[in-house]
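Hi,

Here is the structure I promised to pass on. Have a look at it first, and my notes follow underneath.

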Amino acid sequence: MLLERLEAHPLGRRYLRFWTEYRVAPEVLAVFRLVFFGVLAVDMWLQVQHAPRYGAGDFNVSHLPALDAHLPVLTRPAMAFLYILQAYLAALVALGGGGRAALVALASLYGVTYFSSQLDSYQHHYLMFLVLLVLCLVRWDPEPEPGRKGATQPSAWPVRLILVQISIVYLYAAIAKMDVLWWDGRVMELQISAGWARDLIEKLGGFSFVSKMVIATELSLAVAIHVRSLRRFVAPIGILFHTGIEASGFQIGLFSYFMIAVYVLVLPEAPLVRLVQWVHRHVPAIPLVTRWAPLARIILRASAIALGAALVLLVPIGAPALVASAVILALGTAGIYVVSRERRDRHALAHLGGCLLLAFLARPGVTDVARDYYRFWGGSARRLGDLAAATEKYQRAIELAPGHAQSHVSLGNLYQMTGKSDLAMREAERAELLDPDGYRGYLLEAIIRDASGEGHGALAAAEKALERKPDERQAFQIASRWRRQLGMPPPERPSASSRTEQRDDEDDE
Amino acid sequence: MTRRAFVFIHVYLALQIALPLTYYFARRDKYDERFAWRMFSAERMAVCRPLFKVGDTPVALGKEFHEGWISVARRGRRDVLEAMAARLCDKNPGQPVTLELTCKTVDNKVETPSAGLWNLCDRGHI
């Protein structure tokens, strides 16, 4: 009824066309899918390190507190498992496997993990949930109806809706900055940490001017993103804007990369279409086994699915990875039957590619996620008083990354707390060796020697720590005390520094 | 476009326009900026200091709650502070739990959203 009424009115017809006549070339969608879900796969893997904070001390507040009493608290192993699964599903979708079912599963799991706890209050994760929700409705491989000459692609209204959502975000982000503190540049001055960015802002006219420019850019992008004739300007400006935010040192996870991925949708189509068509011409078609016998194809698909699941076993975070491997095996197999017959080879290869990516990202030399998973787990256990568990987790972190000095310091501190000063000293020496410019190894040595009454040794180590960090309070206290006891003049007072109030324990997230 | 798609679009948009507006017109906690797209706002830069007391004894939050929750509490988020209070009430039956919450804003003003005057076990909210 309403639709007919809108159709009857010229303005209504124009409004309907805004949704119905929006088209996106399949090649552009393919590039967007690869970039967006690729970034999402990496982001989900990076979340694994934060899993130990969930359920710690049996405390949780979800984003929907009214439901807290009725929902189970998701704990560390469950969250680690769910993040691994989401990383796999995102990589699978990025490479064109799994079909819509994989996307719906990904969006659902993402919603569960995000809304289950306010520990994740990143607004961009909320935005990603909304985008995923709408992406479930996109026709990823819209093909013109066969036999119809000149047939066009079907309407891509979900993509239009995503762009409208981005406009809403820009608009409200600009409204949030309509505040005298933002307007005069004070907020931005506190937020920008990178030295080069501060210098550049000063050269451009100062923080107040650049703050106003940020608001103007957000408002302009909110509108221009929908104007086809402005596309050639919008995408470069938007990408530059988010690249600048990323480079300025903001702690916003992969938000900038997600926004850059979204700008793929508004890049001028023709070059992207040509690029994708060139790739298709020059890279052999994915079903390399087309000419093989049907039985060989089944065996190859099964091998890809099994090999992929086996690769996930290389993710070194224990039980969550083992369970994820089994579930991924089941999902990979089920996916073969969910996707259409002609897409089965692609699904099997996408599954293998997704698992390969996961195993690659999990390698200690590539990301520090597995090491930090155990470090953060150990830090959490230590603060909540479980020193035995904390020691075990730090030992595992060191197994994964023997060259990480801070892990040795944390383990040494634990040994010292439990009266194992020989082992503590061994860790302190290792930390000093691994990071001779860092103060933490020397501070730990000073603490150990101080506790055992070795005045000269404690003083020497404390002074080495102070050379490296002049405002280190504990080192200063040890040095002062032993200098007094040994009849020496007191050390120079540490200068008051803005950093002294910061926590130095890197195991605190 | 199908009728179902048309309805979906407009319900979705109505929610996405209305939800951030609740921050400005209906939310009781200005430090709770979730779902309002207030990235990099001045409120986000405020630093709060929550001081819980059970009876007259200050609570060492680090021994009760994970550092992640303490970080959220230092942003002054009421939902979390109230849940922390509820936890302390459960763990210390019969004893009053109070919260003194002071927040320092970007322009160095000190606000006191909770002065620690009442027992949160009785009242439930800040």
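A quick definition before anything else: helices here are DSSP runs of H or I with at least four residues, numbered from the N terminus. One caveat too: this is a predicted model.

With that in hand, Ala197(A) sits in helix H10 of chain A, which covers residues 195-204. Is Ala197(A) buried or exposed? Neither, quite: Ala197(A) has 18 C-beta neighbours inside 10 Å, so it counts as partly exposed, since being buried takes 20 or more and being exposed takes 12 or fewer. If you skip the neighbours within four places in sequence, Ala197(A) is in contact with Ile192(A), Ala247(A), Ser248(A) and Gly249(A). Arg5(A) is another matter: its C-alpha atom and that of Ala197(A) are separated by 53 Å, with the two positions 192 residues apart along the chain.

On to chain B. It has five helices and four strands, and along the sequence they come in the pattern α-β-β-α-α-α-β-β-α. The domain assignment splits chain B into domain 1 (1-41) and domain 2 (46-126), and the C-alpha centres of these two domains lie 29 Å apart.

The overall dimensions of chain B are worth a glance. Its radius of gyration is 18 Å, where a compact globule of 126 residues would have one near 14 Å. Along the principal axes, the C-alpha atoms of chain B fill a box of roughly 65 × 35 × 25 Å. Of its 126 residues, 33% count as buried. Taking the contacts in chain B with a separation of 6 or more, 50% come from residues 24 or more positions apart.

Within chain B, I spent some time on helix H4 (residues 78-91). Its 14 residues reach 20 Å from the first C-alpha to the last, close to the 20 Å expected at 1.5 Å a residue. Which residues of H4(B) are buried? They are Val80(B), Leu81(B), Glu82(B), Ala83(B), Met84(B), Ala85(B) and Leu88(B). Note that Glu82(B) is among them. What do the buried residues of H4(B) pack against? Four elements of chain B: strand S1 (47-54), helix H3 (67-74), strand S3 (97-104) and helix H5 (120-123).

Two of those partners, S1(B) and S3(B), also pair with each other: they run antiparallel and are joined by eight bridges. In that pairing Cys48(B) stands opposite Cys103(B) of S3(B). S3(B) has a further antiparallel partner in strand S4 (residues 110-115) of chain B, with four bridges joining them. There, Lys104(B) stands opposite Val110(B) in S4(B). The hairpin of S3(B) and S4(B) has five residues between the strands, and Asn108(B) takes a positive phi near 65° in it.

Finally, the contact between the chains. It takes 38 residues from chain A and 35 residues from chain B. On the chain A side, the elements that give two or more residues are helices H2 (10-20), H6 (123-135), H7 (157-176), H8 (180-183), H9 (186-191) and H18 (369-383). Which of them gives the most? That is H7(A), with nine residues. By type, the residues on the chain A side divide into 21 nonpolar, eleven polar and six charged.

That's the lot from me. Shout if anything is unclear.

Cheers

Note on methods:
Residues are numbered from 1 along each chain as its sequence is written. Chains are lettered from A and ligands numbered from 1 in the order in which they are written. This is a predicted model: local features need pLDDT of at least 70, side-chain atom pairs count only at pLDDT 80 or more; totals for chains, interfaces and linings use all residues. Two residues are in contact if their C-beta atoms, placed from the backbone, lie within 7 Å. The expected span of a helix is 1.5 Å times one less than its number of residues. Two strands pair if DSSP finds at least two bridges between them. Domain bounds come from an automatic or database domain assignment. The radius of gyration is taken over C-alpha atoms; the globule rule is 2.2 Å times the number of residues to the power 0.38. Ala, Val, Leu, Ile, Met, Phe, Trp, Tyr, Cys and Pro count as nonpolar, Asp, Glu, Lys and Arg as charged, and the others, Gly among them, as polar.
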